[in-house]
Amino acid sequence: MAKPLTCDVVVVGAGMVGAASALYATREGLDVVLVDRGPVAGGTTGSGEGNLLVSDKEPGPELELALLSGRLWSTLAAEAGVAAAIEYEAKGGVVVASTPDGLTALADLAAGQRAAGVTADPVDAHALYELEPHLAPGLPGGVHYPQDAQVMPTLAAAHLIRLARTGGARLCTGSTVTGVLRTAAGAVRGVRTDGAEIHAPAVVNAAGTWGGELAALAGVELPVLPRRGFVLVTEPLPRMVRHKVYAADYVADVASDSAALQTSPVVEGTAAGPVLIGASRERVGFDREFSLPVARALAAGATRLFPFLAQVRAMRGYLGFRPYMPDHLPAIGSDARVPGLYHACGHEGAGIGLSTGTGHLIAQALAGRTPDLDLAPFRPDRFERRQEDTA
């Protein structure tokens, strides 16, 4: 086996959250090695839409993390060359109600979000069609969220890693972590890969949907499960969809605990021209079989929102696995069960948007500073503690 590498922090997972963790840790002055068994953005990140959303978050810890992350994305995008490199678009989102009752419920949600710091502007039918002229006729209104944005996820992950490497981070792709090294006292002392050992007093689990497997290598349980989702990609079009647009029931689907298939229409244009169509959710393990019924349901939902799409060709479809946690909150921060082990995974479908805040908070914790947000709601051992409390 090769001579061990040494560093301050090993980040496992070169997706969006791992990229952000490596970048912010490097900017804290830490020596970082980023490891992934595949290529950069080869897992969930490469199957995402790149959404940076506050609109689908109810008031609470996840929304606070989304607001922090949005500010950090905006700051990154203001750095020279970054916005173009990651295709950052501060285009805003529009959530559409299909009935007057739905509009009332949406307005109630928006009121709570505004109290938490979100810009959420109710729009009547006239204003709705000024925002999105090609929507289906007869919709009563919605809510406009100017803070919603989008990046191209694979480009964003690659560029954040490029920035981290400029700051001294090292990248090891094609290296599978096969063990977490521990001291006699049980603390982390690095990782073993299929080619080398990397010695460090801290390991960050940014393995996404596979975060539970990495946690198990360290001897702890983290209940991360895969939740499959499909996306359709149309042929390139003129900019006919100006915002991220979705039906109000999407918010309920995001928060649902159901393992069954759920679909709700989500439509957004991209800087390159194709329209992205989602969203589906189902817990079927790591089944990668393409589902024509799901694709049809997505297409039907999209054409209900935007009838012109019925005449547009879908070039391709793809699927990915969102890292689902039972309470819909990610695991962020140090693991009290294993000194030196940190988790940054379990963000479900929000990992792209929440990555900057997560990486920033992890870096603060690694550097021994007080994180900008209270990490208690995201404690990695919270499920084990609940079991003990009910025993």
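**Close-up 1. Ala279 sits in strand S17, residues 275–281.** This is a predicted model, and our tour of it starts with a peptide bond. The bond leading from Gly278 to Ala279 is cis. Its omega is near 0 degrees.

**Close-up 2. Helix H10 has a bend in it.** H10 covers residues 351–366, and at Gly357 the helix bends by about 30 degrees. Look around the helix too: 15 of its 16 residues are buried, so H10 is largely enclosed by the rest of the structure. Keep following the chain and, just after H10, you meet Gly368, which has a positive phi of about 80 degrees.

**Close-up 3. Ala41 takes a positive phi without being a glycine.** The angle here is about 60 degrees. To find Ala41, go to the loop that links strand S3 (32–36) with strand S4 (51–52). Is Ala41 buried or exposed? Buried means under 20% relative accessible area, and Ala41 has 8% relative accessibility, so this loop residue counts as buried.

**Close-up 4. His328 is another non-glycine residue with a positive phi.** For His328, phi comes to about 65 degrees. This residue also belongs to a loop, and the strands on either side of that loop are S18 (314–324) and S19 (331–334). His328 has a relative accessibility of 17%, so it counts as buried.

**Close-up 5. Strands S10 and S11 make a hairpin.** S10 takes in residues 177–182 and S11 takes in residues 188–193. The two run antiparallel, with 5 bridges joining them. If you want a spot to get your bearings, try Arg182, which stands opposite Val188 in S11. Between the two strands there are 5 residues. Gly186 is in this turn, and its phi is positive, at about 100 degrees.

**Close-up 6. S11 also forms a hairpin with strand S12.** Here S11 is joined by 3 bridges to S12, residues 197–199. These strands run antiparallel. How many residues lie between S11 and S12? There are 3 in this hairpin. Across the pairing, Arg192 stands opposite Glu197 in S12. Put this view beside the one before and you can trace S11 from one partner to the other: 5 bridges join it to S10, and 3 bridges join it to S12.

Notes: Residues are numbered from 1 along each chain as its sequence is written. This is a predicted model: local features need pLDDT of at least 70, side-chain atom pairs count only at pLDDT 80 or more; totals for chains, interfaces and linings use all residues. Side-chain values use heavy atoms; hydrogens and water are left out. The bend at a residue is the angle between axes fitted to the seven residues ending there and the seven starting there. Helices (H or I, at least four residues) and strands (E, at least two) are DSSP runs, numbered from the N terminus. Buried means under 20% relative accessible area, exposed over 50%, partly exposed in between (1.4 Å probe, protein chains only). Two strands pair if DSSP finds at least two bridges between them.
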